[in-house]
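I opened this notebook to keep track of what I look up, one entry per topic. The structure goes in first.

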Amino acid sequence: LEVRSADGQPPTIHGYAVVFDSWSEPMLGQNGRLFRERILPTAFDRTLSAGTDVRALWNHNSDMPLGRTRNGTLIIERDAIGLRVSITPPETTWGRDAVESIRRGDVTGMSFSFQVNGRAGHDWLRGENGLAEHVLIDADLYEVSPVVFPAYRATSVDVRSVEVPEFSESESDSQAADEIDAQRDDGQVAVVAVLRQRLQILAER
């Protein structure tokens, strides 16, 4: 995540909101189970092809907009690495704060919010040492944000709150995932909550 400035032009924020096929750090789901996650390269193809009006916010605060795709102040491009973003922040207090915090290196990451596209839009697998693995296959992208606590070391993206299936020795991956789908609507919007998750982890130690 970086700020670029050209002579006579407003500063712009650049970085990757998503890096494909990169495992996150272990995270805590909203039901208290640990999991890690990766995003397939096709996960947001529908959003990009449909021209969805995606917003850029400062630290996920809807009162502090930084840009949007509809007016060109947020540009999202897909390449071999992931989703690259360019944000032209407004001349507001939070816009200037965002630029300065990123320029100083106080804020180095990004995160996003999305909606999974039905049961086929994601999958749960049993990973190493029984750690659940969440694979995002197809989802609608709504918002990207520069944030203080990125959870993906290989990218500038953050994670969201999900319910993690509990795998038993005799249970298949699909059966465990179906437990979650039976308890909640797949269309629920996932909201990033890494700071809260980390506080929960510390509280349990």
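My entries on strands, backbone angles, burial and salt bridges follow.

**Entry 1: the model.** I am working from a predicted model. I keep that in mind for every value below.

**Entry 2: the β7–β8 pair.** I started with two strands. I looked up β7, residues 74–78, and β8, residues 82–87. They pair in the antiparallel sense, over 5 bridges. I then asked which residue of β8 stands opposite Leu 74. I found Ile 87 there. The connection from β7 to β8 is a hairpin through 3 residues.

**Entry 3: the open sheet.** Next I traced a sheet of 4 strands. I read its order as β3-β4-β11-β10, and I noted that the sheet is open, with mixed pairing. Which strands are at the edges? I found β3 (27–28) and β10 (122–126), each of which pairs on one side only. The partner of β10 is β11, residues 132–136, and the two run antiparallel over 5 bridges. Within that pair I located His 122, whose bridge partner in β11 is Leu 136.

**Entry 4: Met 110.** I picked one residue in β9, the strand of residues 109–116: Met 110. Buried or exposed, I asked of Met 110? I count Met 110 as buried, because its relative accessible area is 0% and the cut-off for buried is under 20%. I also checked Met 110 against Trp 58, which lies 52 residues away along the chain. Their C-alpha atoms are separated by 9.7 Å.

**Entry 5: positive phi.** I turned to the backbone angles. Most residues other than glycine have a negative phi. I therefore wrote down two residues with a positive value, Asp 21 and His 60.

- Asp 21 has phi near 55°. I placed Asp 21 in the loop between β2 (12–19) and β3. Asp 21 is partly exposed, at 43% relative accessibility.
- His 60 has phi near 65°. I placed His 60 in the loop between β5 (55–58) and β6 (61–68). His 60 is partly exposed too, with a relative accessible area of 24%.

**Entry 6: salt bridges.** How many salt bridges are there? I get a count of 14. I went through several of them.

I took Glu 2 and Arg 4 to begin with. Their closest N and O atoms are 2.8 Å apart. Glu 2 is partly exposed at 36%, and Arg 4 is partly exposed at 45%.

Then I looked at Asp 45 and Arg 78, whose side chains meet at 3.1 Å, N to O. This pair links distant parts of the chain, 33 residues apart. Asp 45 sits in helix α1 (residues 45–50), and Arg 78 sits in β7, the strand I had already paired with β8. I count both as partly exposed: Asp 45 has 30% relative accessibility, and Arg 78 has a relative accessible area of 41%.

I also noted the salt bridge of Arg 84 with Asp 79, at 2.5 Å from N to O. Arg 84 is partly exposed, at 33% relative accessibility.

My last note is on a network. Asp 53, Arg 55, Arg 68 and Arg 70 are joined into one by salt bridges that share partners.

Key:
Residues numbered from 1 in each chain as written. Predicted model: local features only at pLDDT ≥ 70, side-chain atom pairs only at ≥ 80, totals over all residues. Heavy atoms only, no water. Pairing = 2+ DSSP bridges. Buried < 20%, exposed > 50% of the residue type's maximum accessible area, 1.4 Å probe, protein only. Salt bridge = Lys/Arg side-chain N within 4 Å of Asp/Glu carboxyl O.
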